[in-house]
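The following note is offered to a colleague who is meeting this structure for the first time. Its points may be read in order, with the model open alongside.

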Amino acid sequence: MANNVLVLAEHFQGHVTDITFELLGKARELAPALGGSVGVALLGHDVGGLVSALGAAAVVYAADRPELREFTPDAYAAVLGIAVAHASPRVVLLGSTSVGLDLLSLLSARVNLPCIDNCTAIKFQDGGLVATSQIYGGKVFAEVLLTQRTTLIAVASGMFPAEAGRVSGKPQVVQIPHALVAPEPQTSFRRWIEPPPGDVDITKIPILVAVGRGIQSADNVPRAEALAEVLGGAVCGSRPVIDQAWLPKTRQVGKSGMTVKPKLYLALGVSGAPEHVEGMRGAELIVAINQDPQAPIFSVAHYGVVADLFDILPLLTAEIKTRQG
Amino acid sequence: MNIAVLAKQVPDLVEGVEIDASGKAVDPTSIRYILSEPDDHALEEALLLKERTQARVEVFSLELGEVRDTLCTALAKGADRVVMVRTGLDTPPDNHTAAKMFASLLRGLAFDLVLTGVRAIDDLDGSLGGLLAGYLSLPYVGLIRKVEISSDGGTVVVEKEYPGGYAAELEVRLPAVLGIQAAEQPPRYVPVSRLRQVMKTGTVEEQMASPTPAEPVGVERLFKPEEGAGAAMLSGSPDEVARQSVNLLSERRLLR
């Protein structure tokens with residue numbers, strides 16, 4: 001019976017990324033309770049040097065080939081599918097990342113296995129394995145009882161401690177046979193595009209005033225900028241603000257934006273969708289102002305205010321100015 | 001070049017979402033439906049491709065909520081054909097069921113490109129685009145912010161987002177399915193007068209589909225996070241709240 005836990009290793013620019021260690025840590029907790037062991041799938045080219053960082057796993061299922069140097073969903077899904085067939089896992093853990101999200105759905109349909117997205121917790125409950133998933137922008141959680149079938153699970157970043165999975169060692173390496181992989185790739189990698197230069201680097205600024213959809217229009221952004229200015233900080237924003245072009249892409253916090261850890265993160269009209277929280281959870285002090293008492297941002301904030309941000313924003317700016325004399 | 005856009009209705013979170021008496025599903029009467037935001041971007045990207053290459057854009061949506069308005073808006077924005085897909089289901093299908101249904105619907109049609117939002121707020125069992133590509137044995141790439149069609153129409157070059165502001169440029173052979181994160185420009189605005197005109201004269205086609213329910217993921221329980229759990233809530237008049245907030249910053253030496 002499938003009772004192992006298989007983790008997909010993600011790596012970027014020659015380093016195993018944090019999400020991999022977060023998943024490995026969780027896998028080490030789950031596998032013994034399932035009566036199985038931890039495996040990790042390592043796909044790429046010239047990645048042999050990464051094996052020693054994956055000591056949290058008993059077995060590394062490796063595919064080291066030029067066509068896997070960079071991620072393409074088709075080729076990776078094909079190889080990961082073979083790894084899944086070999087590793088007999090009860091659960092396959094992926095990151096809810098640019099790589100993991102593509103693979104989750106593609107593989108689920110291709111190999112006909114159930115999948116769960118946006119997972120925040122996995123635990124044993126009444127003898128069964130239960131995954132908790134965040135839906136509706138973090139406003140609702142769903143508990144799903146896993147069946148006995150292999151289930152693919154994409155886990156949100158930052159849910160499990162990375163330290164628990166950061167174990168160096170010499171796991172057994174098993175090469176993934178790749179005779180079954182289609183020789184003609186449908187998707188090919190061309191190049192990396194670097195982040196746009198020239199703007200402030202929000203990852204290095206200790207005070208950030210973040211604006212979300214609640215700022216309502218580009219015309220209101222200067223009001224947040226005025227507050228950032230008296231605080232000596234900068235303005236950043238959540239995805240909807242960037243997509244509306246109210247702020248440049250360089251100011252985006254969250255998935256596919258920046259991960260920031262400032263001393264102060266003042267969130268104005270930011271709902272706190274999981275994709276945003278992922279990028280700011282590590283701030284030292286989070287103060288959130290939002291009109292919606294159910295906004296998920298209040299679950300991550302240290303201090304919260306339920307109010308119209310336009311009532312508070314000018315008063316905050318004025319009060320700080322007064323105290324600064 | 002034929003482009004299909006799959007556009008989905010999702011609950012408007014501004015209106016809130018309530019859990020029903022069973023505790024396992026959301027209460028449909030608590031929900032006002034709107035177009036899923038990434039799907040709005042998928043439509044915008046399709047319309048940009050139409051402007052550049054004279055592609056034909058067809059939009060498919062499951063019958064739900066105010067979907068007719070959404071489809072009329074798509075027509076008003078420039079879509080060539082809009083189709084409301086009727087399923088006979090009481091509740092929206094899960095993504096596996098929806099993907100199987102769209103796979104059988106699209107299989108017989110000659111589409112070069114299927115665009116849909118990379119995710120929706122009610123995704124629990126994966127995302128529609130990846131599942132659809134899997135069932136149709138087509139290539140899929142998600143988290144796309146830019147699409148360019150090659151001059152011979154045989155491939156697209158896309159930009160896929162990564163953390164830290166990075167993106168990968170990939171070339172994908174057509175036909176393919178793409179999960180759009182953001183269009184190259186914000187979704188366009190339709191003047192109300194134009195929308196009114198389309199609602200009078202435009203055609204929303206209807207098509208029946210018979211979904212084969214996939215093995216659903218077994219939701220045991222839905223719950224809401226405790227309100228404000230974790231945050232100490234400041235209360236009082238706006239003046240008082242502003243003063244308390246500034247006190248917090250001052251105590252932590254965060255004021256200059």
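## Note on the two-chain model

1. Of the 256 residues in chain B, 47% are buried. The model is a predicted one. Chain B contains six helices and 13 strands, and its C-alpha trace spans about 65 × 45 × 40 Å along the principal axes. Among the contacts of chain B with a separation of 6 or more, 69% are between residues 24 or more positions apart.

2. The contact between the chains deserves attention early. It draws 78 residues from chain A and 74 residues from chain B. On the side of chain A that touches chain B, helix H3 (residues 98–111) of chain A gives the most, with nine residues. That side of chain A is made up of 41 nonpolar, 20 polar and 17 charged residues.

3. Strands also pair across the two chains. Strand S12 (residues 187–193) of chain A and strand S9 (residues 167–173) of chain B run antiparallel and are joined by six bridges. Within this pairing, A:Phe189 stands opposite B:Leu170.

4. An open sheet likewise takes strands from both chains. Its six strands follow the order S14(A)-S13(A)-S15(A)-S16(A)-S17(A)-S13(B), with parallel pairing. Strand S14 (234–237) of chain A and strand S13 (232–234) of chain B stand at the edges; each has a single partner strand, so one side of each is left without a neighbour in the sheet. From one strand to the next the twist averages 25°. Inside the sheet, strand S13 (residues 207–211) of chain A pairs with strand S15 (residues 264–268) of chain A over five bridges, in the parallel sense. There A:Leu208 has A:Tyr265 as its bridge partner.

5. Further parallel pairings are found within chain A. S4(A) pairs with strand S5 (residues 59–64) of chain A over six bridges, and A:Ala41 has A:Tyr61 as its bridge partner in S5(A). S5(A) pairs in turn with strand S11 (residues 172–175) of chain A over four bridges, again in the parallel sense. In this second pairing A:Val59 stands opposite A:Gln172.

6. Helix H1 (residues 18–34) of chain A has 17 residues and reaches 24 Å from its first C-alpha to its last, close to the 24 Å expected at 1.5 Å a residue. Its buried residues include A:Phe21, A:Glu22, A:Leu24, A:Lys26 and A:Leu30. The buried residues of this helix pack against several strands of chain A, among them strand S1 (4–8), strand S4 (38–44) and strand S6 (89–95). A:Gly35 follows the helix and has a positive phi, near 80°.

7. Which residues have the most contacts inside the largest nonpolar core? They are A:Val7, A:Leu80, A:Ile153 and B:Val5, in a core of 139 residues. Helix H2 (residues 73–87) of chain A gives the most to this core, with nine residues. Leaving aside residues up to four places away in sequence, A:Leu80 touches A:Leu8, A:Ala41, A:Leu43, A:Leu103 and A:Leu107. A second, separate core of 51 residues includes A:Cys236, A:Val277, B:Leu234 and B:Leu254.

8. B:Tyr140 lies in strand S7 (residues 140–149) of chain B. Why does B:Tyr140 count as buried? The cut-off is 20 or more other C-beta atoms within 10 Å, and B:Tyr140 has 28 C-beta neighbours inside 10 Å. Not counting residues up to four places away in sequence, B:Tyr140 touches residues of both chains, including A:Pro73, A:Asp102, A:Leu106, B:Gly129 and B:Val177. Another of its contacts is B:Ala176; the two residues are 36 residues apart in sequence and 6.0 Å apart in space, C-alpha to C-alpha.

9. Some backbone details merit a check by eye. The peptide bond from B:Leu174 to B:Pro175 is cis, with omega near 0°, and B:Pro175 is found in the loop between S9 and strand S10 (176–180) of chain B. A:Asn118, in strand S7 of chain A, is a residue other than glycine with a positive phi, near 55°. A:Asn118 is also buried, with 26 other C-beta atoms within 10 Å. B:Leu143, in strand S7 of chain B, is not a glycine either, yet its phi is positive at about 60°. With 26 C-beta neighbours inside 10 Å, B:Leu143 counts as buried.

Notes. Residues numbered from 1 in each chain as written. Chains lettered and ligands numbered in written order. Predicted model: local features only at pLDDT ≥ 70, side-chain atom pairs only at ≥ 80, totals over all residues. Contact = placed C-beta atoms within 7 Å. Nonpolar A, V, L, I, M, F, W, Y, C, P; charged D, E, K, R; others polar. Pairing = 2+ DSSP bridges. Expected span 1.5 Å × (residues − 1). Buried ≥ 20, exposed ≤ 12 C-beta atoms within 10 Å, placed from the backbone. Axes fitted to C-alpha atoms, helices over the stretch in contact; angles between N-to-C directions. Core = buried A, V, L, I, M, F, W, Y, C linked by C-beta atoms within 7 Å.
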